[in-house]
Amino acid sequence: MNQYIGLDVSLKETFIAVRGDGKRIWRGKCPSDPEIIAQTLAKRAPNARRVVFETGPLSVWFYHALTAKGVPAICIDARHAKAALDMAPNKTDQNDADGLAQLAEVGFYREVRVKSFDAMLVRTLVAARQQMLKMTVQISNQIRGVMKTFGLVVPKSAGSVLEGHIRSLLATNAGLERIVLPMLEAWLALRVRVAQLSKQLIASARTSEQCQLLMSIPGIGVVTASSFIAAIEDPANFAKSRSVGAWIGLTTRRYQSGEVDYAGRISKRGDTHLRALLYEAAMVILTRTSADSALRNWGLKLREKIGFKRAAVAVARKLAVIMHTMLKTGELFNRSAGAAA
């Protein structure tokens with residue numbers, strides 16, 4: 001008899017439900033450790049056909065660890081699962097596990113592609129660098145605001161020039177100096193760490209042929225290229241390049257019911273960080289790049305018709321399609337045919 005398992009995963013405990021032939025066989029819980037879960041399933045469900053759990057902070061670890069143990073693990077879309085689990089009269093972890101087991105049994109789920117650890121390392125590197133950059137901006141703005149209160153206006157500057165301005169202004173206020181200098185030292189230390197992470201990212205991009213390929217597009221840098229490759233992983237994951245724009249959430253949502261039929265805003269589904277990077281790259285193409293291309297000319301014409309923001313979204317979607325096509329074919333960016341993708 002085939003058995004179908006649902007796992008409701010939390011940080012400390014995982015609730016397990018085993019079903020077969022349309023009825024519950026066993027239900028229990030164990031610590032949230034893939035090795036212990038695999039041992040429990042080997043004892044309680046030796047004929048496991050599907051082991052289903054939702055996307056979450058532990059999903060990458062659980063998927064790869066359980067798969068290595070020979071468990072037929074399947075990670076499903078949490079939003080899709082929620083629509084089915086909300087049908088239960090009582091919201092409990094046990095009922096959620098049982099509901100996931102039912103989804104596994106009837107096959108009513110949407111499987112999610114789980115990224116590899118190598119891709120997650122790149123994403124973690126980009127995210128850590130981005131977070132530390134935000135922290136440096138926050139600290140520098142805090143220093144400027146504090147000093148402005150005491151009549152010490154820091155001129156517009158950055159880096160070592162900003163540090164020199166701050167130190168020279170603080171020389172006239174010993175009381176404020178004891179407060180601001182620790183913040184300044186923290187800001188300097190963060191800048192050093194950001195530079196170290198940036199070197200790691202650049203070094204990784206230099207050894208990647210795919211990154212070098214995508215960086216041939218004007219407006220695409222190391223961060224955007226690395227993030228795109230980490231998100232896509234294998235170009236074969238998408239049958240059509242046009243699907244990438246929808247996967248990132250850059251296509252409009254549609255609502256149709258009876259006589260009502262309209263297209264709304266973009267769906268904003270998928271990778272939020274990658275979508276923001278592509279939008280930023282699109283703005284660079286439309287406003288700052290001097291290199292002429294069919295993609296840029298198309299975007300500029302579109303800006304005259306529908307406005308800058310909508311045109312930037314359209315160019316970002318085109319970029320996603322073009323970048324996937326380049327990864328699939330291995331060809332450099334064609335400036336004369338960029339908008340035809």
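## A quick tour, starting from serine 227

Serine 227 counts as buried, because its relative accessibility is 7% and the cut-off for buried is under 20%. Keep in mind that you're looking at a predicted model. We'll begin with this serine in helix α9, move out to the helices that α9 meets, and then turn to a five-stranded open sheet.

**Serine 227 up close**

- You'll find serine 227 in α9, the helix that covers residues 222-232.
- A polar atom of the serine 227 side chain sits 2.8 Å from the backbone oxygen of valine 223.
- What does serine 227 touch once its neighbours within four places in sequence are left aside? The contacts are Val126, His273, Leu274 and Leu277.

**α9 against α11**

- Helix α11 takes in residues 272-287, and its axis comes within 10 Å of the α9 axis.
- The two axes cross at roughly 140°, which means α9 is oblique to α11.
- As for handedness, α9 passes α11 in a left-handed crossing.
- Serine 227 is part of this meeting: on the α9 side are Val223, Thr224, Ser227, Phe228 and Ala231, and on the α11 side are His273, Leu274, Leu277 and Leu278.

**α9 against α7**

- Helix α9 also meets α7, with axes that come within 10 Å and cross at roughly 65°.
- That angle makes α7 roughly perpendicular to α9.
- Leu201, Ile202 and Ala205 of α7 make the contact with Val222, Val223 and Ser226 of α9.
- This crossing of α7 and α9 is left-handed.
- Val223 is worth a second look: it appears in the α9 contact with α7, it also appears among the α9 residues that meet α11, and its backbone oxygen is the one beside the serine 227 side chain.

**α7 against α5**

- Helix α7 runs over residues 174-206 and packs with helix α5, residues 117-149.
- Their axes are 9 Å apart, at an angle of about 155°, so α5 is roughly antiparallel to α7.
- Here, too, the handedness can be given: α5 passes α7 in a left-handed crossing.

**The open sheet**

- In what order do the five strands of the sheet line up? Going across, the order is β3-β2-β1-β4-β5, and the pairing is mixed.
- The edges belong to β3 and to β5 (73-76), each of which pairs on one side only.
- On average, and with direction ignored, neighbouring strands in this sheet are turned by 20° against each other.
- In a regular strand, side chains alternate between the two faces of the sheet.

**Strand pairs in that sheet**

- Are β2 and β3 parallel or antiparallel? Strand β2 (residues 13-20) pairs with strand β3 (residues 23-31) in the antiparallel sense, over eight bridges.
- One bridge to look for has glycine 20 with lysine 23 in β3 as its partner.
- The hairpin of β2 and β3 has two residues between the strands, and aspartate 21 takes a positive phi near 55° there.
- Strand β1 (residues 3-9) and strand β4 (residues 48-54) run parallel and are joined by five bridges.
- For glycine 6, the bridge partner in β4 is valine 52.

**A helix across the sheet**

- Helix α1 (residues 34-44) lies across β1, β2, β3 and β4.
- Relative to β3, α1 runs at about 150°.

Notes:
Residues are numbered from 1 along each chain as its sequence is written. This is a predicted model: local features need pLDDT of at least 70, side-chain atom pairs count only at pLDDT 80 or more; totals for chains, interfaces and linings use all residues. Side-chain values use heavy atoms; hydrogens and water are left out. Helices (H or I, at least four residues) and strands (E, at least two) are DSSP runs, numbered from the N terminus. Buried means under 20% relative accessible area, exposed over 50%, partly exposed in between (1.4 Å probe, protein chains only). A polar contact is a pair of N or O atoms within 3.5 Å; within protein, one must be able to donate a hydrogen and the other to accept it, and residues adjacent in sequence count only if both atoms are side-chain atoms. Contact means heavy atoms within 4.5 Å. Two strands pair if DSSP finds at least two bridges between them. Axes are lines fitted to C-alpha atoms, for helices over the stretch in contact, and angles run from 0 to 180 degrees between N-to-C directions. Angles under 35 degrees count as roughly parallel, over 145 as roughly antiparallel, 65 to 115 as roughly perpendicular and the rest as oblique. A crossing is left-handed if the near helix is turned anticlockwise from the far one by less than a right angle, and right-handed if clockwise.
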